[in-house]
Amino acid sequence: MADKKTIILQLLNILQEETDQDHIIDATELGERLECNRKTIYANVEALRDIGVPIEQVKGSRPGYFIEERDFELPELKLLVDAVQASKFITSKKSEQLIAKLEKLTSRNYAKQLHRDLFLYNRPKTLNQSIFNNVDFIHNAMTGNKRIGFQYCEWTRDKQLVPRHGGERYDVSPWSLTWDDENYYLVGFDEKDQKIKHYRVDKMQHMSIKKETRNGRESFEHFDLADYAKKTFGMYGGEDEKVTLSCENRLIGVILDRFGTDIMIIPEGEDRFRAHVLVSVSPQFFGWATGIGQGLRIEGPEKVRTAYLEHIQKVLGTYEGGKA
């Protein structure tokens, strides 16, 4: 027979791992498994309750004990598992490790439900294990109010990440991290160009925390990360412009999903509306507009309309001359 301290720890472990509202264990079974009498089980249950363990008791024809209240509800854990599985910046190995940890936050029976969508693992996943270290590194720099140095990389045709600009080291004051289009980005103040820029965290290598204090605080005093993400398509930078879009009514949901519900919508006859939106004008913005099709038209400013037409003409030009 185990000693009293061991019994209470084993009892807590059984209740946490094996019980929930649908899986109840009575005092007789607990006593048999822990090799003690029911009186000892009753006393230890009360002792656990006294220190805040939320043990529920069921009376009647199916009496017993279970733990229902936990830090995370099952639907919340399912949501977290889905996010981990769908995130391409998390490697498959790290996804498995994180999900295994999430499973420990509920009962063993409920944990089985967290495996329901494992087929999502065949989505593209990064092979870069360093992203977690990079995120932690950036947080440490922000906490210490320090700038960071790093090499910024790009992919080659043979699928290798190589430093850009001959290995030039970037000097950036980190102010925020954001997740956009399934990638992690650092948003910071670039010392060379003296303006806000963003960088893919998985493309940052050979990072170091510099002794210099961060710059750019005044640029971030009224910085709205949500607005920054809305206007920056695919996190590709460009010149900010207030653009007027003329759209068919059926596209109202597309526009509100992209730019938020706080933009002004102006009716334009019975079938169309206008919206004035702030965008970072780039090929990615033009690609988004083209993908929506004839229902959307860029009305102004004129230089953006002209740039869009030139973009389309260049794309068409790649298909001229009989080559597909």
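Which residues of the largest nonpolar core touch the most other members? In this predicted model, they are L245, I255, F285, W288, L296 and I298, out of a core of 21 residues. Six elements each supply at least two residues of this core: the strands β9 (239–248), β11 (272–281) and β12 (296–300), together with the helices α10 (252–259), α11 (283–292) and α12 (302–317). A second core, separate from the one just described, has 17 residues, and L12, I14, I25 and L48 are among them.

These cores sit within a chain of 324 residues, 40% of which are buried. The chain holds 12 helices and 12 strands. Contacts that reach far along the sequence are well represented: of those between residues at least 6 apart, 64% join residues at least 24 apart. The accessible surface of the chain comes to about 19300 Å², and carbon and sulfur atoms account for 50% of that area.

A helpful place to look next is I67, which is found in strand β2 (residues 64–67). With a relative accessibility of 3%, below the 20% limit, I67 counts as buried. Leaving out residues up to four places away in sequence, I67 touches L15, Q16, T19, D20, V53, P54 and I55. The distance from I67 to I14, C-alpha to C-alpha, is 10.0 Å, while 53 residues separate the two in sequence. I14 is itself one of the residues of the second core.

Burial is not confined to nonpolar side chains, as E191 shows: this residue has 14% relative accessibility and therefore counts as buried. E191 is placed in the loop between β6 (183–190) and β7 (195–200). What does the side chain of E191 meet in polar contact at 3.0 Å? One partner is the side chain of S173, at 3.0 Å. The side chain of N215 is another, also with a polar contact of 3.0 Å. Beyond neighbours within four places in sequence, the residues in contact with E191 are R147, D171, V172, S173 and N215.The loop that holds E191 also contributes to a salt bridge, in which the side chains of K192 and E168 meet at 3.5 Å, N to O. This pair links distant parts of the chain, with K192 in the loop between β6 and β7 and E168 in the loop between β4 and β5, 24 residues apart. The two partners differ in their cover: K192 is exposed because its relative accessibility is 64%, over the 50% limit, whereas E168 is partly exposed at 27%.

In total, the structure holds 17 salt bridges. Side chains of opposite charge can pair when their charged atoms come close. A further example joins E154 and R164, whose closest N and O atoms are 3.8 Å apart. Here E154 belongs to strand β3 (residues 146–155), and R164 to the loop between β4 (161–163) and β5 (169–180), with the two positions 10 residues apart in the numbering. Both partners count as partly exposed, E154 at 38% relative accessibility and R164 at 29%.

Another salt bridge is formed by the side chains of R274 and E299, at 3.5 Å from N to O. R274 lies in strand β11 and E299 in strand β12, so this pair ties together parts of the chain that are 25 residues apart in sequence. The relative accessible area of R274 is 28%, which makes this residue partly exposed, and E299 is likewise partly exposed at 23%. The pair does not stand alone, for salt bridges with shared partners join E268, R272, R274, R297 and E299 into one network. Strands β11 and β12 have already been met above, as each supplies at least two residues of the largest nonpolar core.

Nonpolar side chains also appear on the surface. F72, L80 and L105 form a nonpolar patch there, and together the three have about 210 Å² of accessible area. Within this patch, L80 is located in helix α4 (residues 74–86). L80 is partly exposed, its relative accessible area being 33%.

Methods. Residues numbered from 1 in each chain as written. Predicted model: local features only at pLDDT ≥ 70, side-chain atom pairs only at ≥ 80, totals over all residues. Heavy atoms only, no water. Helix = DSSP H or I, 4+ residues; strand = E, 2+ residues; numbered from the N terminus. Buried < 20%, exposed > 50% of the residue type's maximum accessible area, 1.4 Å probe, protein only. Polar contact = N/O pair within 3.5 Å; in protein donor to acceptor, adjacent residues only side chain to side chain. Contact = heavy atoms within 4.5 Å. Patch = residues over 30% accessible without salt bridge, like charges linked within 9 Å, V, L, I, M, F, W, Y side chains within 5 Å. Areas by Shrake-Rupley, 256 points an atom, 1.4 Å probe, with all protein chains shown as cover. Salt bridge = Lys/Arg side-chain N within 4 Å of Asp/Glu carboxyl O. Core = buried A, V, L, I, M, F, W, Y, C linked by side-chain atoms within 4.5 Å.
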